[in-house]
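Here are a few short exercises to work through with the model open beside you. Try each task before reading its solution.

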Amino acid sequence: MLTQPPFALFALTELSTATLNSVLQKAHDDPSVNDWWWYLATLDYGQAPQRKPDGTGQIGTSAPIDPAFSSPFAGKSLEHVAQWLRGKPPKVDVDDRYFGVLDKQAEKSGKIAICRLNDPKVEKEVAWCILRKADDSTLFLAGLDSDLDWNEYVRFQKYTLDL
């Protein structure tokens, strides 16, 4: 497997807690995964899943979330997400390259933009994204075997965020 759960999930627009809970629950309920692989990101790295001393990790955010939750990334850009991912301490246990974004489409469709952080030395864009239903998002990530697979998906399904 190319990816390593859990995956950070960034809400780049204000979304209802009902939408956030629905996305998390649908991703969890995929019968092939059935785990909390998405971590609903906050600015505080201390709240993120932490790698344990034995090298094992933790799970992501489980639904239901706190009704008072408000995304600190609402109104931010992929550049802010990239800064968060590149600046995370080694003990923070989320995948280094693959992550999810919730934009305005999430409220309407419950879909997650699955993104890959690009190498700034090679590619101009911060990240490329494709849109997936929440209920197959984690299985999709688990099935990625190589960057070649990802590049083929992006070639046919590249998605521009609706912020």
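**Exercise 1.** In this predicted model, find which residues Leu9 touches, leaving out those up to four places away in sequence.

*Solution.* Start with the contacts of Leu9: Val23, Leu24, Trp38, Tyr39, Leu40, Ala41, Gly100, Val101, Leu102 and Ile112. Next, place Leu9 in its setting: the largest nonpolar core has 28 residues, and Leu9 is among those with the most contacts inside it, as are Trp38, Leu102 and Ile112. Then look at who supplies this core: strand S1 (7-11), helix H1 (17-28) and strand S2 (38-40) are among the elements that each give at least two residues. H1 provides the largest share, four residues. Apart from this core lies another, of 24 residues, including Leu12 and Tyr39.

**Exercise 2.** Work out how the rings of Phe10 and Phe73 are arranged and what their pair ties together.

*Solution.* First, the geometry: the centres are 4.9 Å apart and the planes meet at 85 degrees. Angles over 60 count as edge-to-face, so the Phe10–Phe73 pair is edge-to-face. Second, the location: Phe10 sits in strand S1 and Phe73 in the loop between S2 and H2, so the pair links parts 63 residues apart in sequence. Third, the burial: Phe10 has 0% relative accessibility and counts as buried, and Phe73, at 3%, counts as buried too.

**Exercise 3.** Classify the ring pair of Tyr45 and Trp84.

*Solution.* The centres are 4.9 Å apart and the planes stand at 35 degrees, so this pair is tilted. Tyr45 is partly exposed at 23% relative accessibility, whereas Trp84 is buried at 5%. Finally, Phe10, Tyr39, Tyr45, Phe73, Trp84 and Phe99 form one aromatic cluster.

Terms used: Residues numbered from 1 in each chain as written. Predicted model: local features only at pLDDT ≥ 70, side-chain atom pairs only at ≥ 80, totals over all residues. Heavy atoms only, no water. Core = buried A, V, L, I, M, F, W, Y, C linked by side-chain atoms within 4.5 Å. Buried < 20%, exposed > 50% of the residue type's maximum accessible area, 1.4 Å probe, protein only. Contact = heavy atoms within 4.5 Å. Phe/Tyr/Trp six-rings, centres within 6.5 Å; stacked < 30°, edge-to-face > 60°.
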